[in-house]
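Please open the model in your viewer and keep the sequence panel visible. The tour below proceeds by selection, one stop after another.

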Amino acid sequence: MPILLLIIPTSFFENGHSICLFKYFFDIECPGCGMTRALSCFFHFDFIKGIDYNKQIIIIFPLLSYLYIKHIWFLLKK
């Protein structure tokens, strides 16, 4: 997943339709809306734009980074 977010440009996610079922059925944004775009922005070093999409990215990105690094480290130790 992180490699795909690095390869695919952020504009791909910005121009697409939302796949959020919460937004589709209730026409309001859920707490996770914009997280994929925010992650993509962070992977492309556009931090301000990422925070604009979803402020929770400040917590989620370091946690995901830690988990990815921990998993890679585990695989390399095998």
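The stops that follow begin with the whole chain and then turn to individual residues.

**The whole chain**

Begin with the full chain in cartoon view, bearing in mind that this is a predicted model. The protein chain contains six helices and zero strands, and from the N terminus its elements run α-α-α-α-α-α. Along its principal axes, the C-alpha trace spans about 45 × 20 × 20 Å. Now switch on the surface: its accessible area comes to about 6,300 Å², of which 72% belongs to carbon and sulfur atoms. Of the 78 residues in the chain, 21% count as buried. Among contacts between residues at least 6 apart in sequence, 41% join residues at least 24 apart.

**Helix 3 and a nonpolar patch**

Next, select residues 21-26, which make up helix 3 and include Phe-26. Is Phe-26 buried or exposed? Phe-26 has a relative accessible area of 56%, above the 50% cut-off, and therefore counts as exposed. Extend the selection to Leu-21, Phe-22, Tyr-24, Phe-25, Phe-26 and Ile-28: together they form a nonpolar patch on the surface, with about 750 Å² of accessible area.

**Helix 4**

Move on to residues 35-43, the span of helix 4, where Phe-42 is found. Seven of the nine residues of helix 4 are buried, so this helix is largely enclosed by the rest of the structure. To view the buried residues, select Met-35, Ala-38, Leu-39, Ser-40, Cys-41, Phe-42 and Phe-43. Just after helix 4, stop at Phe-45, whose phi is positive, at about 65°.

**The aromatic cluster**

Show as sticks the side chains of Phe-42, Phe-43, Phe-45, Phe-47 and Phe-61, which form one aromatic cluster. Across the whole structure, a search finds five aromatic pairs. One of them joins Phe-42 and Phe-47 in an edge-to-face arrangement, with 4.9 Å centre to centre and 80° between the planes. How exposed are the two partners? Phe-42 has a relative accessibility of 9% and counts as buried, whereas Phe-47, with a relative accessible area of 38%, is partly exposed.

Keep Phe-42 selected and add Phe-61. Their ring centres are 5.1 Å apart and their planes stand at 55°, so this pair is tilted. Because Phe-42 lies in helix 4 and Phe-61 in helix 6, the pair ties together parts that are 19 residues apart in sequence. Both Phe-42 and Phe-61 are buried.

**Asn-54 in its loop**

For the last stop, select Asn-54, located in the loop between helix 5 (47-53) and helix 6 (57-77). Is this loop residue buried or exposed? With a relative accessible area of 6%, under the 20% cut-off, Asn-54 is buried. Display the side chain of Asn-54 together with the backbone of Gln-56: a polar atom of that side chain lies 3.0 Å from the backbone nitrogen of Gln-56.

Which residues does Asn-54 contact, leaving aside its neighbours within four places in sequence? They are Pro-31, Gly-32, Cys-33, Gly-34, Met-35 and Ala-38. Among these contacts, Met-35 and Ala-38 have already appeared on this tour, as buried residues of helix 4.

Note on methods:
Residues are numbered from 1 along each chain as its sequence is written. This is a predicted model: local features need pLDDT of at least 70, side-chain atom pairs count only at pLDDT 80 or more; totals for chains, interfaces and linings use all residues. Side-chain values use heavy atoms; hydrogens and water are left out. Helices (H or I, at least four residues) and strands (E, at least two) are DSSP runs, numbered from the N terminus. Buried means under 20% relative accessible area, exposed over 50%, partly exposed in between (1.4 Å probe, protein chains only). A polar contact is a pair of N or O atoms within 3.5 Å; within protein, one must be able to donate a hydrogen and the other to accept it, and residues adjacent in sequence count only if both atoms are side-chain atoms. Contact means heavy atoms within 4.5 Å. Patches are made of residues with over 30% relative accessible area and no salt bridge: like charges are joined within 9 Å, nonpolar side chains (Val, Leu, Ile, Met, Phe, Trp, Tyr) within 5 Å. Accessible areas come from the Shrake-Rupley method with a 1.4 Å probe; for residues, only the protein chains shown count as cover. A salt bridge is a side-chain nitrogen of Lys or Arg within 4 Å of a carboxyl oxygen of Asp or Glu. Rings of Phe, Tyr and Trp (its six-membered ring) pair if their centres lie within 6.5 Å; planes under 30 degrees apart count as stacked, over 60 as edge-to-face and the rest as tilted.
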